[in-house]
Amino acid sequence: MKKSDLTVGSISSHIKRIAIPTSIGFLFNTLFNVVDTIFAGQISTDALSGLTLSFPIFFIIIAIASGFGNGLTALISVALGKKEIHNFHKLILNALLISGVFGLLFIFVLPNIISPLFEFAGASGVALQYGLDYTQTIFIGAVFFLLNFVFNAILSSQGNTKPFRNYLVIGFFLNLILDPLFILGWFGLPELGTQGVALATILVQAFGSFYMGYHVLKSELFNIKKMTFKDASPKVMKDIFVQGIPSSLNLAAIAIGVFIINYYVLLYGGDVSVASYGAALRIQQVALLPSLGLNVAIITIIGQNLGAKQFDRMNETKKTALKMGLILVITGGLFVFIFAPQLMSIFNSNPDVISVGARYLRIDTIGFMTYLIINVNTSVLQGIKKPLFALLIGIIRQLLPLIVFPLLSTTFQLGLDGVWIGIVVINWLATFMLLIITNIIFKNIKKTMQ
């Protein structure tokens with residue numbers, strides 16, 4: 001049996017083989033961002049606030065690249081489940097062409113809208129400038145983000161996530177060296193502040209593109225001789241967009257949601273609270289990381305078995321992933337609840353920053369399992385090529401703060417706590433809606449396969 005064939009063999013073994021390397025990689029990728037946050041905090045609280053304000057923009061880049069990659073993973077997985085090797089190569093070619101176009105858009109179009117977005121979120125003064133320095137630099141290397149997720153889609157759809165893990169681990173250590181060089185100006189280099197954070201990130205992403213590209217060339221099913229420009233196809237590009245755009249928009253909606261949260265955090269808590277929230281988000285990400293590798297495993301395994309028309313294996317994948325994830329998330333939530341102040345102190349010594357961040361983390365742990373359930377069901381919908389439903393719930397989830405936050409914070413006079421409690425309430429509402437939709441769609445798919 002080829003390792004790339006996920007239509008046979010143990011589901012739990014496939015999940016572990018795909019998810020564990022991915023989770024380790026995501027852990028080091030988040031630690032990568034943690035290092036950036038720590039160094040930004042050493043510059044000043046304004047720099048930390050600026051980086052926090054930049055996070056939604058950075059996340060939009062990741063959203064486009066990751067959503068694009070998730071959509072491509074689903075399409076390639078279905079093609080492999082059907083044993084369509086020519087379509088496999090055709091999808092890859094068109095995905096690479098799309099990546100080049102998007103890379104140019106990031107360089108020449110998006111920088112013009114950043115300043116108004118930051119000002120809308122309430123940023124001003126030094127914090128605003130730090131945010132602009134970071135985002136306008138990161139756009140230059142956005143194409144590398146896209147390429148890395150395309151290459152990972154090619155490999156993960158074959159059940160191979162180790163190269164992505166290796167790149168992210170190596171990237172973390174590279175960033176650990178490059179950050180102080182560029183941010184603090186070690187060895188006579190100029191002190192670039194948050195621009196240095198972005199420059200270090202770009203160089204690491206460029207390394208990733210070369211490393212991942214090399215492993216694609218060596219992968220089990222890829223043959224560069226089967227890549228010809230005659231296979232460039234508007235129809236295939238449309239298929240990739242149809243599958244990838246909802247996933248990207250769903251993730252981008254989260255970034256917009258962070259903008260909205262930042263607005264209310266500024267309104268009820270000020271700059272210190274924004275810095276606290278930014279650091280707390282990093283801690284939250286680390287706690288949830290062990291379960292994130294499940295997303296890639298779910299899309300890949302369900303996609304291949306959809307192509308092979310094996311519904312029972314699809315259903316088993318969903319249930320097994322959920323059970324594994326709940327154990328990981330509950331454990332992480334308990335750890336964060338107990339050690340929240342100590343974890344916050346890693347990022348900033350300001351007692352107000354520590355206090356506000358710890359308060360948020362302890363309230364948010366009540367909803368930790370919602371992040372897992374939402375991610376699992378979203379991945380299921382992507383794997384069965386129904387991403388629009390997850391997008392709908394994602395949009396609702398990010399717009400509800402406009403109603404819930406003022407209600408709790410102003411009407412019920414909970415202040416900043418109203419924002420924190422509102423996040424938990426909204427996530428639980430979204431979880432129940434998504435569970436209902438996923439179960440209905442899954443039942444319909446079962447009927448079509450009988």
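Contact, in these exercises, means heavy atoms within 4.5 Å. Keep in mind that this is a predicted model, in which local features need pLDDT of at least 70, side-chain atom pairs count only at pLDDT 80 or more, and totals for chains, interfaces and linings use all residues. Residues are numbered from 1 along each chain as its sequence is written, and side-chain values use heavy atoms, with hydrogens and water left out.

**Exercise 1. A buried lysine**

Task: Find which residues Lys318 touches, and say how far away the nearest side chain of opposite charge is.

Solution:
- Step 1. Start in helix α11, where Lys318 lies. Helices (H or I, at least four residues) and strands (E, at least two) are DSSP runs, numbered from the N terminus.
- Step 2. List the contacts, leaving out residues up to four places away in sequence: Lys318 touches Val376, Val380, Asn439 and Phe442.
- Step 3. Look for a partner of opposite charge. Lys and Arg count as positive and Asp and Glu as negative, while His and the chain ends are not counted. For Lys318 the nearest such side chain is Asp312, 12 Å away.
- Step 4. Put this together: Lys318 is buried yet has no salt bridge. Buried means under 20% relative accessible area, exposed over 50%, and partly exposed in between (1.4 Å probe, protein chains only). A salt bridge is a side-chain nitrogen of Lys or Arg within 4 Å of a carboxyl oxygen of Asp or Glu.

**Exercise 2. The salt bridges**

Task: How many salt bridges are there by this rule, and which parts of the chain does the pair Lys83 and Asp5 tie together?

Solution:
- Step 1. The count comes to 3 salt bridges.
- Step 2. Take Lys83 and Asp5, whose side chains meet at 3.4 Å, N to O. Lys83 lies in the loop between α2 and α3 and Asp5 in the segment before α1 (11-43), so the pair ties together parts that are 78 residues apart in sequence.
- Step 3. Compare how open the two partners are: Lys83 counts as exposed at 52% relative accessibility, whereas Asp5 counts as buried at 17%. Lys83 also has a phi near 65°, a positive value in a residue other than glycine.
- Step 4. Move to Asp239 and Lys235, which form a salt bridge at 3.4 Å, N to O. Both lie in helix α9 (residues 234-269), 4 residues apart, about one turn of the helix. Here Asp239 is partly exposed at 32%, and Lys235 is exposed at 57%.
- Step 5. Finish with Asp417 and Arg359, where the closest N and O atoms are 2.7 Å apart. This pair links distant parts of the chain, with Asp417 in helix α16 (residues 416-449) and Arg359 in helix α12 (residues 351-364), 58 residues apart. Arg359 is partly exposed, with a relative accessible area of 45%.

**Exercise 3. Two surface patches**

Task: Name the residues of the positive patch and of the nonpolar patch.

Solution:
- Step 1. Learn the rule. Patches are made of residues with over 30% relative accessible area and no salt bridge; like charges are joined within 9 Å, and nonpolar side chains (Val, Leu, Ile, Met, Phe, Trp, Tyr) within 5 Å. The place of a charge is taken as NZ of Lys, CZ of Arg, CG of Asp or CD of Glu.
- Step 2. The positive patch is formed by Lys82, Lys309, Lys385 and Lys386.
- Step 3. Look at two of its members. Lys309 sits in the loop between α10 (271-307) and α11 (311-344) and is exposed at 66%. Lys385 is in the loop between α13 (368-383) and α14, is partly exposed at 37%, and has a positive phi of about 60° although it is not a glycine.
- Step 4. The nonpolar patch consists of Val101, Leu104, Leu105, Ile107, Phe108 and Val109, with about 560 Å² of accessible area together. Accessible areas come from the Shrake-Rupley method with a 1.4 Å probe; for residues, only the protein chains shown count as cover.
- Step 5. Val109 belongs to the loop between α3 (85-108) and α4 (114-120) and is partly exposed at 44%.

**Exercise 4. Two buried residues**

Task: Is Phe68 buried or exposed, and which residues does Gln398 touch?

Solution:
- Step 1. Phe68, in helix α2, is buried at 7% relative accessibility.
- Step 2. Its contacts beyond four places in sequence include Ala95, Leu146 and Ile240. Phe68 and Phe241 are 173 residues apart in sequence and 7.6 Å apart in space, C-alpha to C-alpha.
- Step 3. Gln398, in helix α14 (residues 387-399), is buried at 10%.
- Step 4. Not counting residues up to four places away in sequence, Gln398 touches Ala253, Ile254, Gly257 and Ile260.
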